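Trainee: I have a new model open and would like to learn how to read it. Could you walk me through it?

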Amino acid sequence: MRRVSRNFSGIAPIAIFLIACLAWVPGIAGAKSCEKPVYLTFDTGHMDIAPLVAEILKRQEVRVTFFAAHERTRSGDGSLGEYWAPWWKARAAEGHEFASHTLDHVYWLADVTGVEPRFRVRPSAGGQEGRAMTWDAKQYCEQISAASVRLEQLTGKKPLPLFRAPGGKTSPALLVAAKTCGYAHVGWAPAGFLGDELPSEKFSNAALLEKSVRDIRPGDILMAHLGIWSRQDPWAPAVLEPLIVGLKARGFCFETLREHPAYKGWIAERR
C-alpha cells in the first residue's frame, strides 16, 4: 500500500502563500462569531486518509459533519467496522457531527411507477453489492436508519436526523419518503464540490485548490471523502489544509450542519 505523502510541492503559488499564513490564522479560528460560515462535510471512503484528515481538522480547530456508510476499506473490516471504532469515537470527543450515508452506500437509480413510492436502487457495499433492486420507502428508510444506529454505537453520540444519498442522487419522491421517516437530505453547493473524486490526470490538486479558494461563498456546504479508490494523486494530503487556511484567510469560518440555517430547526424538533 502506497504511503500517503504530505509533500505540497508542485502546488500553485497561491497554495504556498496560504500555507505561510498558518502562523497567524488560528486567531481567526478562535473568533467567537461566525459571520461567513461554510460547512465542511466528509463522506466515507477507503479510509486510508482518515487519520490525516483528523490530524488536520484538530490542528486547524475545525469541526465538520461526517456522512457514513459501511464501505469497503483498505484497512480493517469496513468504514463502520470495529477496526475503525476508536477513530469514530475520537472524532465524537472532538465535537464533530455525524449523519447517515445509507448503511450499504445505496444508489438511487429511478422511481418506479405505482400507487406507493418505490425505487430502483443499487448498493455498492454490503451483501447485495452491485445488485439492482426495487425497494419500497420502508426499505430505503431502514437503510438510512441502520447507518445512523451504527454511528451512535460507535461514537456514543446521537447522529443528526440528516442523510446524504450516495452520489447525491435522489428524486422528489425519495426525499419525501426520507422526510416521512425523519431524515432530511443534504447535498452540497456547486462550488462546494471539492473534486477529490475526479481523475487526477485531468484535475490536478493545485487546480482544485485554486478553484475552491476562489469560488466558495458564505453558506456553502462543502463535500469531500475519506479516501477515493480511483484517484491516483490523493486529494486530502495536498489540498485539505491549504484549503482550510485559504478560506480562513478570506474571513470564512467553519461550522457543522447542526448550525446550518436550513437544517437547524429540523434538528431541534427531533432532539
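Trainee: Let's begin with one helix. Which residues of helix 6 (residues 172–180) are buried?

Mentor: Happy to help, and keep in mind that this is a predicted model. In helix 6, the buried residues are L174, A177 and A178.

Trainee: Why do those residues line one face of helix 6?

Mentor: Start with the general idea: an α-helix has 3.6 residues a turn, so residues three or four places apart point the same way. Now the case here: looking down the axis of helix 6, you find its buried residues within an arc of 95°, so they line one face.

Trainee: And which exposed residues sit on the face turned away from the buried side of helix 6?

Mentor: That face carries P172, V176 and T180. As you read on past the helix, look at G182, which follows helix 6 and has a positive phi, near 100°.

Trainee: What covers the buried residues of helix 6?

Mentor: To read a buried face, ask what lies against it. Here the cover includes strand 4 (106–112), strand 5 (118–123), helix 5 (137–155) and strand 7 (162–163).

Trainee: Let me take helix 5 from that list. Which of its residues meet helix 6?

Mentor: A137, Y140, C141 and I144 of helix 5 meet L174, A177 and A178 of helix 6, the three buried residues you started with.

Trainee: How do the axes of helix 5 and helix 6 cross?

Mentor: For a helix pair, look at distance, angle and handedness. These two axes come within 9 Å and cross at roughly 65°, and the crossing is right-handed.

Trainee: Now the interior. How many residues does the largest nonpolar core have, and which have the most contacts inside it?

Mentor: It has 43 residues, and F42 and W88 have the most contacts inside it. Helix 8 (236–249) is among the elements that each supply at least two residues, and its share of 7 residues is the largest.

Trainee: What does F42 touch?

Mentor: Leaving aside residues up to four places away in sequence, its partners include V53, L57, F66, A224 and L240. A second, separate core has 15 residues, and A177 of helix 6 is one of them, as are W108, V121 and F163.

Trainee: And what share of the whole protein chain is buried?

Mentor: Buried residues make up 52% of its 271 residues. The chain has 9 helices and 10 strands. To see how it folds back on itself, take the contacts with a separation of 6 or more: 74% join residues 24 or more positions apart.

Key. Residues numbered from 1 in each chain as written. Predicted model: local features only at pLDDT ≥ 70, side-chain atom pairs only at ≥ 80, totals over all residues. Heavy atoms only, no water. Helix = DSSP H or I, 4+ residues; strand = E, 2+ residues; numbered from the N terminus. Buried < 20%, exposed > 50% of the residue type's maximum accessible area, 1.4 Å probe, protein only. Contact = heavy atoms within 4.5 Å. Arc of directions from axis to C-beta. Core = buried A, V, L, I, M, F, W, Y, C linked by side-chain atoms within 4.5 Å. Axes fitted to C-alpha atoms, helices over the stretch in contact; angles between N-to-C directions. Left-handed = near helix turned anticlockwise from the far one by under 90°.
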